[in-house]
Amino acid sequence: QHNLHLLSPQQIELAKMLVETGQTHLFEHWAEPGVEDDEKKAFFDQVARLDSSYPGGLASYVKTARELLADSKAGKNPFDGFTPSVPKGEVLTHGDDNFINFEDMGVKEARKAAFVLVAGGLGERLGYNGIKVALPAETTTGTLFLQNYIESILALQDASCRLAQDDCQTKIPFVIMTSDDTHARTIELLESNSYFGMEPTQVKLLKQEKVACLDDNDARLAVDLRNKYRIQTKPHGHGDVHALLFSSGILKVWHDAGLRWVLFFQDTNGLLFKAIPAALGVSATRQYHVNSLAVPRKAKEAIGGITKLTHADGRTMVINVEYNQLDPLLRATGNPDGDVNCETGYSPFPGNINQLILELGPYIDELTKTGGAIKEFVNPKYKDASKTSFKSSTRLECMMQDYPKTLPPSARVGFTVMDAWLAYAPVKNNPEDAAKVPKGNPYHSATSGEMAIYRANSLILRKVGVQVADPVVQVFNGQEVEVWPRITWKPKWGLTFAEIRRKVCGSSTISQRSTMVIKGRNVFLEDLSLDGALLIDAVDDAEVKVRGSVQNKGWTLENIDYKDASVPEELRIRGFKINKIEQLEKKH
Ligand code: UGB
């Protein structure tokens, strides 16, 4: 009351809203007028931000929070009435005719696509101090995740334009969702690397805001312990991306420019773009409004399961069931063993890798109705079984893959399963946790993420006729991994199977201890025999034929301990570094 005269009309409205939603405690310890007035103003700036960045405003946030907290207290199962079953989707086999046709279609469609990277998370499970997109995907070339993504989009753009055979000027738009934790460092990374070759106007950053924390079942907003004039906030989850895209107005701009697809992806999957062309081809061919990319999933692996849910009233939906919910859901619906592998050695539920392809028109229609709001959940840690108080404050969260939950039954929601070796190798777990992953399940570590790139490239070259030696098994940071020859190429050399097949002829061999780096676009492998390290760097116009025998001491892998603080963190988390002893460099 005493402070009211300090406030603008807009701030008075916000204060009223707080009072009406039961938040008077926020003002309890405020100083007299004239004392700490700047802090009071900053408080209202924060409330205005929290209010405007949430679809429906803060009042709506509090209302939803009360409902979800009541459900949680009552132990209500979010899947009440639903029975899970294994859905049917498009299952692709890399390199067969079907796959090649989908890739061809996907490349054609790419000029009508926009890409959205969700990169607001700090990756607490990985424990890395920097932003995750700034990590090298592999250390043979040191290519960073963000660099790999941008170079892949540019390669797709070029390939799509070449196929179009008109005066194609397409510049594929690229949005990055950041948060306060990642925003400044993402800009700095882009600017200090000249946007990795992309035109700066193609790239747009949208920053997600955190949401207010909740202290109790009445959804009383939590006062920040460090400053009584601030509300404590935490991340709301990757689901924010839909509201942000919608409120930015960019979807309409894309639609008006004739775009048809929006592709969402996550921060650390060095294989992803090997799967994108075929998956986009599936979307276009099957006319999916929503297409999720999936891979065979090991039971209890920390990736969601794509599940068909059938309600007692007849409703059905195909949706991701998050990894911590799949096991209890199965147990509660007549599967006493829960989330277990079937006779194939995998869970029968395909694993969601959170790569979504949405058709833009229906997406805009849906967001016009919802404002981009995604079904939320709350996960309070209660002090005791009475569920009346929390160990620490909680907040509402949402996930981008929950977008289909509000869609009408007529929506075409599908998914595409690819081989995991081709499509999915995220970097999520720190070395200690990775080493504890049950044997046979993927580590999802920096070590396995890098090794997966060499394995995928080796397997692809094998399929086009190169004799690539078998891997050896080595242990890094307590994780047993297959070490294949360290083969890498720039996306512009070969983004699709057909493109790679066109560039490999004759009979080539590559030994296990070899390293091969291809940086040019028109590099052709012909009767090469490689036992050592070979680096080929060619300008785009140069046509280079690589043949003959190359033998040298090559590059070796040296074990390092993740606890060795003298080694940079981005190497330590892999457990090895590369010693560049001898190589042949070909520059054209
Ligand atoms: N992210 C944001 O941009 N903002 C946020 O507030 C939070 C995250 P995690 P998660 O494919 O491997 C997801 O933490 O959420 C970004 C799926 O839910 O790496 O545990 C963040 O920067 C799960 O179904 O993953 O699990 C990152 O790029 C499964 O598919 C992305 O969101 C799993 O990913 C994912 O965040 C997977």
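**Cysteines, salt bridges and a ligand**

Visitor: What makes the sulfur of cysteine 213 too far from the closest cysteine sulfur for a bond?

Guide: In this predicted model, the closest cysteine sulfur to that of cysteine 213 belongs to cysteine 398 and is 14 Å away. A disulfide needs the two sulfur atoms within 2.5 Å, so at 14 Å the sulfur of cysteine 213 is too far away for a bond. Seen from the other side, cysteine 398 is in no disulfide either, its nearest cysteine sulfur being that of cysteine 213.

Visitor: How do you know whether cysteine 213 and cysteine 398 are buried or exposed?

Guide: The word buried applies under 20% relative accessible area. Cysteine 213 has a value of 0% and cysteine 398 a value of 3%, so each of these two residues counts as buried.

Visitor: Why are cysteine 161 and cysteine 168 called a disulfide?

Guide: Their sulfur atoms lie 2.0 Å apart, and because the limit is 2.5 Å, the pair formed by cysteine 161 and cysteine 168 meets the rule. By this rule the model has one disulfide.

Visitor: What is the handedness of the disulfide of cysteine 161 and cysteine 168, and what makes it so?

Guide: The torsion about the S-S bond of cysteine 161 and cysteine 168 is about -50°, and the disulfide is therefore left-handed. As for their surroundings, cysteine 161 has a relative accessibility of 15% and cysteine 168 one of 16%, so with the cut-off at 20% both are called buried.

Visitor: How do you know that lysine 41 and aspartate 45 form a salt bridge?

Guide: The closest N and O atoms of lysine 41 and aspartate 45 are 3.3 Å apart, and since the rule asks for a nitrogen within 4 Å of a carboxyl oxygen, the pair qualifies. The two residues stand four apart in helix 2 (residues 37-52), which means that about one helical turn separates them. Partly exposed covers the range between the 20% and 50% cut-offs, and the term therefore fits both lysine 41 at 48% and aspartate 45 at 34%.

Visitor: What makes lysine 108 and aspartate 104 a salt bridge, and where do they lie?

Guide: Their closest N and O atoms are 3.5 Å apart, a value within the 4 Å limit. Lysine 108 and aspartate 104 belong to helix 4 (residues 97-109), where they are four residues apart and hence separated by about one helical turn. Lysine 108, at 42%, and aspartate 104, at 37%, are both partly exposed.

Visitor: Which parts of the chain does the salt bridge of aspartate 537 and lysine 587 tie together?

Guide: This salt bridge has its closest N and O atoms 3.4 Å apart. Aspartate 537 lies in strand 26 (residues 533-537) and lysine 587 in strand 30 (residues 584-587), so the pair ties together parts that are 50 residues apart in sequence.

Visitor: Why is lysine 587 called exposed, and what is aspartate 537 called?

Guide: Exposed means over 50%, and because lysine 587 has a relative accessible area of 62%, the word applies to that residue. Aspartate 537, at 29%, counts as partly exposed. In the whole model the count comes to 38 salt bridges, and Glu109, Lys112, Arg260 and Glu359 are linked in a network of them.

Visitor: How do you know that glutamine 208 and glutamine 401 make polar contacts with the ligand?

Guide: A polar side-chain atom of glutamine 208 lies 2.6 Å from a nitrogen atom of the ligand, while one of glutamine 401 lies 2.8 Å from a ligand oxygen atom. The limit for such a contact is 3.5 Å, so both distances pass. Isoleucine 353 passes as well, with a backbone N or O atom 3.4 Å from an oxygen atom of the ligand. Taken alone the ligand exposes 710 Å², and the protein buries 88% of that.

Visitor: How many residues surround the ligand, and of what kinds are they?

Guide: There are 24 residues around the ligand, Val118, Gln208, Glu322, Asn352 and Tyr424 being the closest. The shell divides into nine nonpolar, eleven polar and four charged residues, and strand 13 (residues 347-359) gives the most to it, with three residues.

Note on methods: Residues are numbered from 1 along each chain as its sequence is written. This is a predicted model: local features need pLDDT of at least 70, side-chain atom pairs count only at pLDDT 80 or more; totals for chains, interfaces and linings use all residues. Side-chain values use heavy atoms; hydrogens and water are left out. A residue is near a molecule or strand if one of its heavy atoms lies within 4 Å of it. A polar contact is a pair of N or O atoms within 3.5 Å; within protein, one must be able to donate a hydrogen and the other to accept it, and residues adjacent in sequence count only if both atoms are side-chain atoms. Accessible areas come from the Shrake-Rupley method with a 1.4 Å probe; for residues, only the protein chains shown count as cover. Ala, Val, Leu, Ile, Met, Phe, Trp, Tyr, Cys and Pro count as nonpolar, Asp, Glu, Lys and Arg as charged, and the others, Gly among them, as polar. A salt bridge is a side-chain nitrogen of Lys or Arg within 4 Å of a carboxyl oxygen of Asp or Glu. Buried means under 20% relative accessible area, exposed over 50%, partly exposed in between (1.4 Å probe, protein chains only).
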